[in-house]
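User: Could you take a close look at one part of this model for me, a loop of your choice? I'd like the details first and then how that part sits in the rest of the fold.

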Amino acid sequence: MAALWIAHVTVTDTEAYGKYAELAGPAIAKHGGTFIARAARFVQLEGKERPRNVVARFPSLEAAVECYNSDEYQAALDFARDASERELVVVEITE
């Protein structure tokens, strides 16, 4: 079953976060992920607002988690850790 990787992000260091984005995109694609929303318009209805929201679709929940734990993504994440405040969740699609 397919899954969505949903990230809510506040970027605190644009330069370092840019390096994260350069590396994260190929790592996500390598694991079958495709972006369906990146920094698009949004309306915050509940909870903490983050100005950047990203949604990627993966072939499965397992593929998304494997991507997150991969060496390539973790190398990218090293740039994001001190350059952003973020929440990330993977949700299986039940359609």
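Analyst: Let's get the vocabulary out of the way: helices (H or I, at least four residues) and strands (E, at least two) are DSSP runs, numbered from the N terminus. Read along the sequence, that gives the order β-α-β-β-α-α-β, or three helices and four strands in total. Keep in mind that this is a predicted model, where local features need pLDDT of at least 70, side-chain atom pairs count only at pLDDT 80 or more, and totals for chains, interfaces and linings use all residues. Residues are numbered from 1 along each chain as its sequence is written, and side-chain values use heavy atoms, with hydrogens and water left out.

My pick is the loop between strand E2 (34–38) and strand E3 (52–58), where Arg 50 sits. Is Arg 50 buried or exposed? Arg 50 is buried, because its relative accessible area is 5% (buried is under 20%, exposed over 50%, partly exposed in between, with a 1.4 Å probe and protein chains only). Its side chain has a partner: a polar contact of 2.9 Å runs between the side chains of Arg 50 and Glu 85. For a polar contact, take a pair of N or O atoms within 3.5 Å; within protein, one must be able to donate a hydrogen and the other to accept it, and residues adjacent in sequence count only if both atoms are side-chain atoms.

Who else does Arg 50 touch, beyond residues up to four places away in sequence? With contact meaning heavy atoms within 4.5 Å, the list is His 8, Val 9, Thr 10, Phe 42, Gln 44, Glu 85, Arg 86 and Glu 87.

The same loop also holds Ala 39. Its phi is near 55°, a positive value in a residue other than glycine. Ala 39 counts as partly exposed, because its relative accessibility is 42%.

Cross over into strand E3 and you meet Asn 53. Asn 53 is buried, since its relative accessible area is 15%. Its side chain makes a polar contact of 2.6 Å with the side chain of His 8, and His 8 is also among the residues that Arg 50 touches. Leaving aside neighbours within four places in sequence, Asn 53 is in contact with Ala 7, His 8, Ala 37, Arg 38, Ala 39, Ala 40 and Phe 42. Phe 42 turns up in the contacts of Arg 50 as well.

Another loop worth a glance is the one between H1 and E2, which holds Gly 33. Gly 33 is buried, as its relative accessible area is 8%. Not counting residues up to four places away, Gly 33 touches Ile 28, Arg 57 and Phe 58. The C-alpha atoms of Gly 33 and Trp 5 are 8.7 Å apart, with their positions 28 residues apart along the chain.

Now the helices. Leu 77 lies in helix H3 (residues 71–81) and is buried, because its relative accessible area is 4%. Outside its four-place neighbourhood, Leu 77 contacts Tyr 20, Tyr 68 and Arg 86; Arg 86 is also one of the residues touched by Arg 50. Tyr 68 belongs to helix H2 (residues 61–69) and is partly exposed, given its 30% relative accessibility. Beyond four places in sequence, Tyr 68 touches Trp 5, Tyr 73, Gln 74, Leu 77 and Leu 88. By contrast, the C-alpha atoms of Tyr 68 and Glu 46 are separated by 26 Å, at 22 residues apart along the chain.

Helix H1 (residues 14–30) contains Ala 21. Ala 21 is partly exposed, because its relative accessible area is 37%. Ala 21 and Phe 79 are 58 residues apart in sequence and 8.8 Å apart in space, C-alpha to C-alpha. For Leu 77 and Lys 19, also 58 residues apart, the C-alpha separation is 9.4 Å.

Zooming out, residues 24 or more positions apart make up 76% of the contacts in the protein with a separation of 6 or more. Of its 95 residues, 34% count as buried. The C-alpha atoms fill a box of roughly 35 × 35 × 15 Å along the principal axes.
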